[in-house]
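Trainee: Got a minute? I'd like to walk through this assembly with you.
Mentor: Sure. Put it up and ask away.

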Amino acid sequence: MSGRPLDVLEASLEDPVTVHLKDGTTYYGVLAGYDQHMNVVIEPESGVNDRVDDDLDGEFAVAIEDTTIIRGDNVVSIKA
Amino acid sequence: MSGRPLDVLEASLEDPVTVHLKDGTTYYGVLAGYDQHMNVVIEPESGVNDRVDDDLDGEFAVAIEDTTIIRGDNVVSIKA
Amino acid sequence: MSGRPLDVLEASLEDPVTVHLKDGTTYYGVLAGYDQHMNVVIEPESGVNDRVDDDLDGEFAVAIEDTTIIRGDNVVSIKA
Amino acid sequence: MSGRPLDVLEASLEDPVTVHLKDGTTYYGVLAGYDQHMNVVIEPESGVNDRVDDDLDGEFAVAIEDTTIIRGDNVVSIKA
Amino acid sequence: MSGRPLDVLEASLEDPVTVHLKDGTTYYGVLAGYDQHMNVVIEPESGVNDRVDDDLDGEFAVAIEDTTIIRGDNVVSIKA
Amino acid sequence: MSGRPLDVLEASLEDPVTVHLKDGTTYYGVLAGYDQHMNVVIEPESGVNDRVDDDLDGEFAVAIEDTTIIRGDNVVSIKA
Amino acid sequence: MSGRPLDVLEASLEDPVTVHLKDGTTYYGVLAGYDQHMNVVIEPESGVNDRVDDDLDGEFAVAIEDTTIIRGDNVVSIKA
């Protein structure tokens with residue numbers, strides 16, 4: 001799953017991802033879309049409700065409950 | 001309702017959306033327009049006055065009362 | 001008054017608008033001009049002196065007293 | 001003196017302007033030049049020394065004493 | 001390993017790198033990809049689990065555990 | 001010395017300038033070069049050592065001691 | 001060593017430089033490369049270990065120990 005950043009996003013479509021934002025929040029969901037600005041669309045993972053994952057830094061990832069567009073300039077990192 | 005971010009916005013026209021801003025405020029209204037910078041126009045939902053929704057993060061979403069343009073660089077996320 | 005953000009600004013020319021800035025200040029005046037960066041020009045509303053409006057968030061809108069150019073990157077939202 | 005933002009600046013050349021910056025300072029001087037980024041050049045007003053104006057927000061405007069270039073990304077607003 | 005910044009990234013592909021971010025965190029992993037915005041993809045180094053390196057500034061570098069895309073505008077420096 | 005911002009910089013080449021930065025520091029030196037981003041090069045003024053000028057705002061201007069490139073996005077203002 | 005900012009960087013290749021960043025850190029090393037965004041590559045100076053220079057502002061410059069890419073938008077100034 002290596003390659004250029006947008007290639008990795010392309011390869012991650014329909015897979016669960018963890019999106020870490022500059023405001024400290026971390027979202028968990030299925031990657032439904034993206035664009036060249038790293039704006040992303042994530043959707044709830046079917047069968048997963050209120051899932052809270054342990055993040056690497058001891059922060060919690062919030063499982064999103066609605067289709068959510070995240071503007072790319074808020075993104076710190078995306079774990080594919 | 002999946003796809004690239006602007007496709008999701010296009011599909012959400014005339015639907016209620018929740019717009020979360022960098023300053024911590026969250027607006028609720030009907031998506032009336034958008035552009036490629038993710039500038040958005042939201043309008044009051046007819047029949048909804050002073051509605052206050054519980055947001056996922058325990059924040060409150062303020063139902064907008066006037067046609068409002070939000071400049072895209074303030075946007076963190078949009079729930080479609 | 002729906003449509004794309006710049007269309008809404010175009011339709012609002014010569015109408016009073018409320019401009020909310022990132023520094024927390026809110027200006028009230030007549031929209032005299034704008035450009036594609038959402039730089040705007042607002043002018044005093046004739047017959048309105050020192051008007052102070054209640055803003056949705058409990059903040060006060062300051063009625064501008066001179067023709068004022070506001071640089072777009074300071075704008076959070078514009079109520080048309 | 002209405003119109004698009006850069007038209008208002010063009011019309012204000014050689015007129016005194018008040019430039020309010022993001023760091024809270026406000027400068028007063030004669031508009032000597034500008035460009036499309038809203039970078040501006042202001043010059044001392046002849047006959048005005050150390051003038052301190054009351055600004056709308058209770059802040060003081062400092063009369064500039066030397067030809068000064070202000071980089072546009074610092075500008076909040078310009079009163080023409 | 002000198003040269004222009006993107007040439008150094010190209011030469012560092014498949015090598016371990018330390019990426020220092022604006023939020024103070026530092027990640028350690030193998031450089032799997034990059035683009036012209038300095039968006040980077042780093043992957044876990046095989047055989048390295050939970051490695052914590054001493055950083056030059058006394059900060060700790062966290063060995064990443066999943067393929068991670070880091071958006072370039074968060075990057076302060078990359079040690080190749 | 002009026003005109004568009006870059007014209008004023010062009011006219012100021014080889015003249016002493018005071019450069020005020022967003023981090024509050026102010027540098028004094030001879031303008032040796034600039035570009036369209038308002039990146040500037042300043043050099044020590046011959047015969048001036050450790051000169052400390054009173055700045056308009058009561059801040060001190062530090063006379064630079066080495067040829068120094070200042071990246072334009074840090075610049076608030078340049079006094080020509 | 002005067003001229004436009006990128007000309008000064010070009011002339012400084014293979015020379016020691018001091019790079020002052022927005023987060024307050026200052027790095028010392030040999031300039032190995034740069035690009036038009038003022039992204040720079042610095043390398044350890046041979047024979048210099050753990051050198052700590054007094055910076056003009058009383059800050060310390062850290063001699064880098066590995067080839068380091070610094071993203072240009074973090075740079076305040078570069079002393080050539």
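Mentor: One term before we start. Buried area is the accessible area that two parts lose on being put together, summed over both. And keep in mind that this is a predicted model.

Trainee: Fine. So what is the area buried between chain E and chain A?
Mentor: About 1,800 Å². Carbon and sulfur atoms give 57% of that.

Trainee: Which three residues of chain E supply the most of the area it buries against chain A?
Mentor: E:Thr67, E:Ile69 and E:Arg71. Together they supply 36% of the area on the chain E side, more than any other three residues.

Trainee: How many residues does each chain put into the contact?
Mentor: Chain E gives 24 residues and chain A gives 20 residues.

Trainee: Any charges paired up? How many salt bridges are there between chain E and chain A?
Mentor: The count is 1 salt bridge. E:Asp73 pairs with A:Lys22. Their closest N and O atoms are 2.6 Å apart.

Trainee: And polar contacts between chain E and chain A, how many residue pairs?
Mentor: 8 residue pairs, counting those with both residues at pLDDT 80 or more.

Trainee: Which elements of chain E give two or more residues to the side that touches chain A?
Mentor: Four strands of chain E are listed: strand 2 (26-34), strand 3 (40-43), strand 5 (60-63) and strand 6 (68-70). Strand 2 of chain E has the largest share, with 4 residues.

Trainee: New topic. What rotation superposes chain E on chain A?
Mentor: A rotation of 51°, with 0.0 Å of shift along the axis. The RMSD is 0.0 Å.

Trainee: Do they touch through different surfaces or matching ones?
Mentor: Different surfaces. Of the contact residues of chain E, 4% recur in chain A.

Trainee: What about chain C on chain B?
Mentor: A rotation of 51° superposes them, with 0.0 Å of shift along the axis and an RMSD of 0.0 Å. These copies use different surfaces too: 5% of the contact residues of chain C recur in chain B.

Trainee: Now a single chain. How many helices and strands are in chain A?
Mentor: 1 helix and 7 strands. Along the sequence, chain A reads α-β-β-β-β-β-β-β.

Trainee: How much of chain A counts as buried?
Mentor: 55% of its 80 residues. The accessible surface of chain A is about 3,400 Å², and carbon and sulfur atoms hold 44% of it.

Trainee: And contacts within chain A, what share join residues at least 24 apart?
Mentor: 52%, among contacts between residues at least 6 apart in sequence.

Key. Residues are numbered from 1 along each chain as its sequence is written. Chains are lettered from A and ligands numbered from 1 in the order in which they are written. This is a predicted model: local features need pLDDT of at least 70, side-chain atom pairs count only at pLDDT 80 or more; totals for chains, interfaces and linings use all residues. Side-chain values use heavy atoms; hydrogens and water are left out. Copies are superposed by least squares on the C-alpha atoms of residues with pLDDT of at least 70 in both. Contact means heavy atoms within 4.5 Å. Buried means under 20% relative accessible area, exposed over 50%, partly exposed in between (1.4 Å probe, protein chains only). Accessible areas come from the Shrake-Rupley method with a 1.4 Å probe; for residues, only the protein chains shown count as cover. Buried area is the accessible area (1.4 Å probe) that two parts lose on being put together, summed over both. A salt bridge is a side-chain nitrogen of Lys or Arg within 4 Å of a carboxyl oxygen of Asp or Glu. A polar contact is a pair of N or O atoms within 3.5 Å; within protein, one must be able to donate a hydrogen and the other to accept it, and residues adjacent in sequence count only if both atoms are side-chain atoms.
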